[in-house]
Amino acid sequence: MKKKLTPLIAALIGINAYANEAERPNILFVVVDDMGYSDLSKFGSEVPTPNLDELANQSVIMSNMQAAPACSPTRAMLWTGVDSHKAGLGNMLEEMAPNQEGQPGYEGMINDKVVLISETLQQQGYETFYSGKWHLSKGDQNRAFERGFSHTFALNSGGASHYDDMKPAYSPTPEAKAPYSVNGKLLDKLPAEFNYSTQYYADKAIEFIENAQDKPFFGVISYTAPHWPLQAPDKVVEKYQGNYEQGYEALYQARFDKQKQRGGRQKE
């Protein structure tokens, strides 16, 4: 069955109006970590991003979205619709200050006082899946598989090597491995097909979609790139060799000029 995607906001607002599962929209939510506004070529980047540009051309572009200063608090608000303190992530677990530890709103993980979009849609008969960075759990508590996602391939921490060496971004010991899990269970090693995080997360999402059969699906692809460590396949690095030798200020000005030409907001 060919699966048609519907923009998330419209789908969630009207989802209860559909008479049966066959009429319910499929929803695919794509999250990109640490990407700036001008990192898409549509908004000024010197790196071509034609597929993302095409999505933007067919979509509503929001210019006043609110976010927290850090990763997991923003994700907590995104999936719940409430302030990150209410969801248990007033700060990132990895950056918790001594005076925050043990305090209400600083559990360091998504808490049980909130309901996620995935939990609501799963209860309404949706096939739900998650592929990529989660960063809302603590140890084995509240991984994506326990919070409304029926099928998951998840990086539970805030970052890791984009390759199959499983080197973590946050490492308490030299031998520690990045905490990847499948349906809530930690992996000792990554699959042989894991060549680069972006490629594998997308492949898993496609697999999950194909296996959804006749049920409507709510799926998330949560890319780690361009989050640090800054790694890219050799062919990509070679393609842009020398393009950034003029430095940050020249890059900033070039992107800003493109944004003005395309009708973007001018600097106040």
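## A tour from helix α5 to the sheet and its loops

Start by selecting helix α5, residues 197–210: its 14 residues reach 20 Å from first C-alpha to last, close to the 20 Å expected at 1.5 Å a residue. That expected span is 1.5 Å times one less than the number of residues. Helices (H or I, at least four residues) and strands (E, at least two) are DSSP runs, numbered from the N terminus.

Before you click on, note that this is a predicted model, where local features need pLDDT of at least 70, side-chain atom pairs count only at pLDDT 80 or more, and totals for chains, interfaces and linings use all residues. Residues are numbered from 1 along each chain as its sequence is written, and side-chain values use heavy atoms, with hydrogens and water left out.

Still on α5, colour the buried residues: S197, Y200, Y201, A202, K204, A205, F208 and I209. Buried means under 20% relative accessible area, exposed over 50%, and partly exposed in between (1.4 Å probe, protein chains only). What lies over them? The cover includes β2, β3, β4 and β6, with contact meaning heavy atoms within 4.5 Å.

**The sheet**

Next, show the strands. You get an open sheet of six, in the order β1-β6-β2-β3-β4-β5, with mixed pairing. Two strands pair if DSSP finds at least two bridges between them. At the edges sit β1 and β5 (185–186), each pairing on one side only.

Zoom in on β6. On one flank, β1 and β6 pair in the parallel sense over six bridges, and V31 stands opposite S222 there. With strand β2 (residues 127–133), β6 again pairs in the parallel sense over six bridges; pick Y130 and you will find V220 as its bridge partner in β6. One step further along, five bridges join β2 to β3, which run parallel, and G132 has A154 as its bridge partner in β3.

How many residues of β6 are buried? Seven of the seven, so the strand is largely enclosed by the rest of the structure. Colour its two faces separately: F217, G219, I221 and Y223 point one way, F218, V220 and S222 the other. That is the usual pattern, as side chains in a regular strand alternate between the two faces of the sheet.

**Two nonpolar cores**

Now select W79, W134 and F218, which touch the most other members of the largest nonpolar core, a set of 21 residues. A nonpolar core is a set of buried Ala, Val, Leu, Ile, Met, Phe, Trp, Tyr and Cys residues joined through side-chain atoms within 4.5 Å. Elements giving two or more residues to this core are β1 (27–32), α3 (71–80), α4 (117–123) and β6 (217–223). Its largest share, three residues, comes from β1.

Centre on W79 and list its contacts, leaving aside neighbours within four places in sequence: F29, V31, V115, L116, I117, Y130, L136, F218 and V220. A second, separate core has 19 residues, including F153, A178, Y201 and I221.

**Aromatic pairs**

Switch to rings. The whole structure holds 19 aromatic pairs. Rings of Phe, Tyr and Trp (its six-membered ring) pair if their centres lie within 6.5 Å; planes under 30 degrees apart count as stacked, over 60 as edge-to-face and the rest as tilted.

Try F153 and Y180: their centres are 5.8 Å apart and their planes at 35°, so the pair is tilted. F153 lies in strand β3 (residues 151–155) and Y180 in strand β4 (residues 180–182), so the pair ties together parts that are 27 residues apart in sequence. F153 counts as buried at 1% relative accessibility, and Y180 is buried at 0%.

Then pick F194 and Y201, where the centres are 6.4 Å apart and the planes at 75°, so this pair is edge-to-face. Both residues are buried. For a bigger selection, take F29, W79, Y130, W134, F149 and F218, which ring pairs link into a cluster.

**Loop stops**

Go to S38, in the loop between β1 and α2 (50–57). The side chains of S38 and R255 share a polar contact of 3.0 Å. (A polar contact is a pair of N or O atoms within 3.5 Å; within protein, one must be able to donate a hydrogen and the other to accept it, and residues adjacent in sequence count only if both atoms are side-chain atoms.)

Finish with the backbone. Most residues other than glycine have a negative phi, and most peptide bonds are trans. D34 has a positive phi, near 65°. H135, with phi near 60°, lies in the loop between β2 and β3. Cis peptide bonds join A225 to P226, with omega about 5°, and W228 to P229, with omega about 0°.
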